Amino acid sequence: MTKYKRKPEAHDRANRLKFHNVKEQHMSVDEVAERLLRFVAEDPRASYHFAIGTDCQVHPNHTKFITGLVLHRIGRGAWACYRPYVLGRELDSIHEKLAFETTLSQEMAAYLEELSVVRRMEELLLPHVYQGAELCTFIDIDAGTEPCVSPTALYVQEMVARIQTIGSYVARVKPEAYVASSYANRFTKRPARLVM
């Protein structure tokens, strides 16, 4: 596969990101891109949903954020990983938490854009589009839309508008936002060992 080069300063920032899943630890963003592309190349006639989502949990003296990336081959498995981020203070404001989660998801989409990951996945699928190949991309927002059920409902439109500025991702909210509300959520429960 063709290697894509980033600007030096972006490369330094991206190399500080570390991703994990049940099989691998401390993957770089380049390694994540390679795994995503390999997963699509294994079955380029399939339909895929690629979603990014962030959730957080407030712990004593810090807030732990997890950004999840899930590439779902519809009906036939998935590849997923997550990136932890620790903020050295407790976030009490629902609006601030939701805004920070959305920012981390947007940032992740930007890192992948620097590597042309979505475009490269589309290039793998394009020859097979008439056999059912498809790629849908989402950013999941960990918010509900019903004010009497979810205190985050007040901020949904603001976060959706932020995702729409990216252009290549569709915003999803609960209950469809499973990458944020389910996958990322399960890794937020334990306090961080080190506060950054």
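This briefing describes the sheet, a surface patch and selected residues of one protein structure. The model is predicted. Its five strands form an open sheet in the order S3-S2-S1-S4-S5, and the pairing is mixed. A nonpolar patch on the surface is formed by Leu 126, Val 129 and Tyr 130, and a search of the whole structure finds zero disulfides.

**Sheet layout**

- Strands of a sheet pair through backbone hydrogen bonds, in either a parallel or an antiparallel manner.
- In the order S3-S2-S1-S4-S5, the five strands make up an open sheet with mixed pairing. The edge strands are S3 (78–87) and S5 (170–172), each of which pairs on one side only.
- On average, neighbouring strands of this sheet are turned by 25° against each other, with direction ignored.

**Strands S1 and S2**

- Strand S1 (residues 47–59) runs antiparallel to S2, and 12 bridges join the two.
- Within this pair, Ala 51 of S1 stands opposite Val 70 in S2.
- S1 and S2 form a hairpin with two residues between them. In the turn, Asn 61 has a positive phi of about 70°.
- Strand S2 covers residues 62–73, and 11 of its 12 residues are buried, so S2 is largely enclosed by the rest of the structure. The cut-off behind this statement is that a residue counts as buried under 20% relative accessible area.

**Strands S2 and S3**

- S2 and S3 are joined by 10 bridges and run antiparallel.
- Phe 65 stands opposite Tyr 85 in S3, and Ile 66 stands opposite Pro 84 in S3.
- The hairpin of S2 and S3 has four residues between the strands, and Gly 75 takes a positive phi near 80° there.
- Seven of the 10 residues of S3 are buried, so this strand is largely enclosed by the rest of the structure. S3 is nevertheless one of the edge strands, pairing on one side only.

**Strands S4 and S5**

- S4 and S5 pair in the parallel sense over three bridges.
- Asp 140 stands opposite Arg 172 in S5.

**Loop between H4 and S4**

- Leu 126 is found in the loop between helix H4 (117–125) and strand S4 (134–140). With a relative accessible area of 60%, Leu 126 is exposed, because the class begins over 50%.
- Leu 126 also belongs to the nonpolar surface patch with Val 129 and Tyr 130; together these residues have about 390 Å² of accessible area.
- Gln 131 likewise has its place in the loop between H4 and S4. Its relative accessibility is 48%, so Gln 131 counts as partly exposed.
- Gln 131 and Arg 45 are 86 residues apart in sequence, while their C-alpha atoms are 6.0 Å apart in space.

**Cysteines**

- Zero disulfides are found when the whole structure is searched.
- Cys 56 counts as buried because its relative accessibility is 11%.
- Cys 136 counts as partly exposed because its relative accessibility is 21%.

Note on methods:
Residues are numbered from 1 along each chain as its sequence is written. This is a predicted model: local features need pLDDT of at least 70, side-chain atom pairs count only at pLDDT 80 or more; totals for chains, interfaces and linings use all residues. Side-chain values use heavy atoms; hydrogens and water are left out. Patches are made of residues with over 30% relative accessible area and no salt bridge: like charges are joined within 9 Å, nonpolar side chains (Val, Leu, Ile, Met, Phe, Trp, Tyr) within 5 Å. Accessible areas come from the Shrake-Rupley method with a 1.4 Å probe; for residues, only the protein chains shown count as cover. A salt bridge is a side-chain nitrogen of Lys or Arg within 4 Å of a carboxyl oxygen of Asp or Glu. Buried means under 20% relative accessible area, exposed over 50%, partly exposed in between (1.4 Å probe, protein chains only). Two strands pair if DSSP finds at least two bridges between them. Axes are lines fitted to C-alpha atoms, for helices over the stretch in contact, and angles run from 0 to 180 degrees between N-to-C directions. A disulfide is a pair of cysteine sulfur atoms within 2.5 Å.
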